[in-house]
Amino acid sequence: MQGVEEIEVRPFSSRKEYELMLDYFYEADDTFLRGMGVDRLKLPERDKWLDALLADHEKPDGERNRFYLVWIFRGRRVGHSSINKIVLGTEAFIHLHLWDSQLRGAGLGSEFVRRSANFYFERFNLKKLVCEPWADNPAPNRVLEKLGFVFIRRYRTIPGVIAYEQDVNRYELRRPNQTLQPTAGRCAVRMKDELRKLK
C-alpha cells in the first residue's frame with residue numbers, strides 16, 4: 001500500500017513533541033475542539049500541563065498516567081496517540097489525534113491507529129484496548145470499526161478532564177493472536193488517491 005512505508009509510530013522522545021501535542025489543543029479553534037468533545041475552558045494552564053507531562057514521561061511504565069506515541073509521515077510529525085487508565089497486563093484507554101488537517105480522510109489514520117494498538121499491546125502486555133470517542137464524531141468511530149474494535153454501547157459521560165458532558169461510543173479491541181494487519185481494499189485505493197493530491 002503506497003504511503004504505508006512512509007509512516008512511523010514511536011514513543012515521544014523530546015520536550016518538543018509534547019509541545020507540538022499541546023499546540024494541537026491550544027491552537028485549535030473552538031468548533032474543532034467541540035467536535036472532538038473538548039471544552040477549551042477545561043484546558044489546564046499550558047506551562048503546568050507541560051511540566052506534568054514531562055514529569056510523567058520520566059516514570060517507569062507501571063507508574064505513568066499516560067503514554068504517548070508520535071505519528072510521523074514522510075519524516076514530519078503529524079499526530080499522536082496516547083493511552084491512559086493503564087492497568088499493566090490488562091487494559092488501557094486509547095486516544096487518537098491527527099494534527100494535520102490535510103491528511104484527514106486520506107486513510108492514514110487507520111494505519112497510525114493500527115500500529116499504535118500493536119505497540120501498546122506489546123509494550124504494556126495488554127489484553128484489551130478501550131476507546132470512547134464522541135458519538136457524533138464520525139472519523140474516529142469509522143477508524144475503530146475498520147480496525148475491528150467492537151462497539152459495546154453508547155452512553156452519556158464526561159470522558160476526561162478536558163471534556164464536556166457528551167454521548168460517547170464505547171469500543172473494545174481484544175488482543176489478537178497476531179499483530180493487526182494493515183487495512184486493505186477500498187481504504188488503500190482512497191489513500192493512494194489522497195496522497196497523490198498532497199504531492
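**Exercise 1.** In this predicted model, identify which residues of the largest nonpolar core touch the most other members, and work out which elements supply this core.

*Solution.* Begin with the core itself, which holds 32 residues, and pick out W71, I83, F112, Y120, L129 and F149 as the members that touch the most others. Next, assign the contributions to elements: β1, β2, β3, β4, α4, β5, α5 (138–146) and β7 each supply at least two residues of this core, and α4, with six residues, gives the most. Finally, look beyond this set, where another core of 19 residues lies apart from it, with F12, Y24, L33 and V38 among its members.

**Exercise 2.** Determine the strand order of the open sheet, and explain why one side of β1 and of β6 is left without a neighbour.

*Solution.* Trace the seven strands across the open sheet, which gives the order β1-β2-β3-β4-β5-β7-β6 with mixed pairing. Because β1 (7–11) and β6 (150–157) stand at the edges and have a single partner strand each, one side of each has no neighbour in the sheet. From one strand to the next, the twist averages 25 degrees. Then turn to one pair in detail: β3 (residues 76–87) and β4 (residues 91–98) are antiparallel and are joined over seven bridges, with S81 standing opposite L96 in β4.

**Exercise 3.** Establish which strands helix α1 and helix α4 lie across, and at what angles they run.

*Solution.* Take α1 (residues 15–26), which lies across β1, β2 (66–73), β3 and β4 and runs at about 90 degrees to β3. Then take α4 (residues 108–123), which lies across β1, β2, β3, β4, β5 (128–131) and β7 (166–174), and runs at about 140 degrees to β2.

Conventions. Residues numbered from 1 in each chain as written. Predicted model: local features only at pLDDT ≥ 70, side-chain atom pairs only at ≥ 80, totals over all residues. Heavy atoms only, no water. Pairing = 2+ DSSP bridges. Helix = DSSP H or I, 4+ residues; strand = E, 2+ residues; numbered from the N terminus. Axes fitted to C-alpha atoms, helices over the stretch in contact; angles between N-to-C directions. Contact = heavy atoms within 4.5 Å. Core = buried A, V, L, I, M, F, W, Y, C linked by side-chain atoms within 4.5 Å. Buried < 20%, exposed > 50% of the residue type's maximum accessible area, 1.4 Å probe, protein only.
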